[in-house]
Amino acid sequence: MRIDIITVLPELLVSPFAHSMMKRAQERGLLEVLTHNVRDYTPYRQAQVDDYQFGGGAGMVMMPEPLAILIEKLQSERKYDEVIYMTPDGDLFNQKAANTLSLKENIIIICGHYKGIDDRIRQHYVTREISIGDYVLSGGELAAAVVVDAIGRLLPGVLNDEMSALFDSFQDGLLAPPVYTRPADFRGWVVPDILLCGDPKKIDDWRQEQSLKRTAERRPELLKGLE
Ligand code: 6GU
C-alpha cells in the first residue's frame, strides 16, 4: 500500500513512521509513506500557499492552486483509490474505517492548516473527509499520523503475531480484556489465578467475559450494535 501525504509541515510526519511497527511495515515493503511539501508546488512568489479568506474574517486559507497542482501530478503517475482530507468536520474515524482503508492500494491524504483549505479542492478532488475526534488540532498532520498508523498495522505481514490484531479493542466491537506479565505476584498484587491454570478454553472464556464486563462499564453504547 502506498500513502502520499500532502502537507506544509513534512517534518511533523517523520518520527511517527520511523519506529516500531510503521518502520517494520516500510522495511518489509508492505507500506510506503511519502510526504510532499505543498510549498514545493506553489506557482506564487515567496512560496506562498495561503491567503486571506474572501468575505473577511480572521485566519488564512490554503490556496487551491498549489494543492491542485500537487494532486494532479500524483494522479498522473498512478491511480488513487481515495483522496482524503483531514478535517475536524469530517466523518469520525473508527476501526471500521481503518479496516476499509487498509484494503486500498494507493491513497492521498491532505493535511489542512490555518483555517483549512479552499472548499473547491474539497468539492472537486476529495473523496473522503476524516476527523479523529471532537476536538480541534492545529493541523491535520497528527491526525494523519493516527490514521496511517491505524491502517498500516492492519496490513498483512506487519504484525509479528498475525493473530494479535484480532484481539485488539474494537476489532470485534468490544474493549480488550486486562493483560498481565511477570511477576505473578508484584508487591502482593497477584495475577488472576485463571490465567495461570493452563487451560486455554477457560482462559478464553475468562477473557471474553472480561471484555464484555469492561465494555458494559466503560462503553455501553458499543454493546447496542451487537446481537
Ligand atoms: Cl483531522 N484535523 C484537525 N485540524 N483537527 C482535528 C482533526 C483533524 N480531527 C480532530 N480534530
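**Close-up views of a predicted model**

**View 1. Strand β6 sits inside.** All of β6 is covered: 6 of the 6 residues of β6 are buried, so the strand is largely enclosed by the rest of the structure. Bear in mind for this and every later view that the model is predicted. In a regular strand, side chains alternate between the two faces of the sheet. In β6, Asn-106, Ile-108 and Ile-110 point one way, while Ile-107, Ile-109 and Cys-111 point the other way. Whichever way they point, all of these residues are buried.

**View 2. What pairs with β6?** Strand β1 is one partner of β6, and the two run parallel over 5 bridges. Look for Arg-2, whose bridge partner in β6 is Asn-106. Strand β5 (residues 82–92) also pairs with β6 in the parallel sense, again over 5 bridges. Here, Met-86 has Cys-111 as its bridge partner in β6. To get from β5 to β6, the chain passes through helix α3 (residues 95–101), and this β-α-β crossover is right-handed.

**View 3. β1 and β2, side by side.** Strand β1 (residues 2–7) pairs with strand β2 (residues 32–37) in the parallel sense, over 6 bridges. One pair to pick out is Ile-6 and its bridge partner in β2, His-36. Between β1 and β2 the chain goes by way of helix α1 (residues 20–27), making a right-handed β-α-β crossover.

**View 4. His-113, just off the strand.** Is His-113 buried or exposed? It's buried, because its relative accessible area is 12%, and the cut-off for buried is under 20%. His-113 belongs to the loop between β6 (106–111) and α4 (119–124). Leaving out residues up to four places away in sequence, His-113 touches Val-8, Leu-9, Met-62, Ser-138, Gly-139 and Glu-141. Of these contacts, Glu-141 leads on to the next view, as one of the buried residues of α5.

**View 5. Helix α5, mostly under cover.** Helix α5 (residues 141–152) has 12 residues, which at 1.5 Å a residue should span 16 Å; the end C-alpha atoms are 16 Å apart, so expectation and model agree. Most of the helix is covered, with 9 of its 12 residues buried. The buried set is Glu-141, Ala-143, Ala-144, Ala-145, Val-147, Val-148, Ala-150, Ile-151 and Gly-152. An α-helix has 3.6 residues a turn, so residues three or four places apart point the same way.

**View 6. Gly-59 and a pair of loop neighbours.** Gly-59 is in the loop between β3 (50–52) and β4 (60–62). With a relative accessible area of 33%, Gly-59 is partly exposed. Which residues does Gly-59 touch, not counting those up to four places away in sequence? They are Gln-53 and Lys-115. Gly-116 is worth finding too: its C-alpha atom is 9.0 Å from that of Gly-59, although the two are 57 residues apart along the chain.

**View 7. Gln-46 and Arg-187, two residues with positive phi.** Gln-46 isn't a glycine, yet its phi is positive, at about 55°. You'll find Gln-46 in the loop between β2 and β3, where it is exposed, with a relative accessible area of 81%. Arg-187 also has a positive phi of about 55° without being a glycine. Its loop is the one between β8 and β9 (189–190). Arg-187 counts as exposed, at 65% relative accessibility.

**View 8. The cis bond and the aromatic pair.** A cis peptide bond links Arg-182 to Pro-183, with omega at about 0°. Pro-183 lies in the loop between α5 and β8 (185–186). The structure has 1 aromatic pair. It is made by Phe-186 and Trp-189: their ring centres are 5.5 Å apart and their planes are at 70°, so the pair is edge-to-face. Phe-186 counts as partly exposed at 40% relative accessibility, whereas Trp-189 counts as exposed at 56%.

**View 9. Stepping back to the domains.** The domain assignment splits the chain into domain 1 (2–152) and domain 2 (169–224). How far apart are the C-alpha centres of domain 1 and domain 2? They lie 37 Å apart.

Definitions and conventions. Residues are numbered from 1 along each chain as its sequence is written. This is a predicted model: local features need pLDDT of at least 70, side-chain atom pairs count only at pLDDT 80 or more; totals for chains, interfaces and linings use all residues. Side-chain values use heavy atoms; hydrogens and water are left out. Domain bounds come from an automatic or database domain assignment. Helices (H or I, at least four residues) and strands (E, at least two) are DSSP runs, numbered from the N terminus. The expected span of a helix is 1.5 Å times one less than its number of residues. Buried means under 20% relative accessible area, exposed over 50%, partly exposed in between (1.4 Å probe, protein chains only). Contact means heavy atoms within 4.5 Å. Rings of Phe, Tyr and Trp (its six-membered ring) pair if their centres lie within 6.5 Å; planes under 30 degrees apart count as stacked, over 60 as edge-to-face and the rest as tilted. Two strands pair if DSSP finds at least two bridges between them. A crossover is right-handed if, with the strands pointing away from the viewer, the path from the first strand over the helix to the second runs clockwise.
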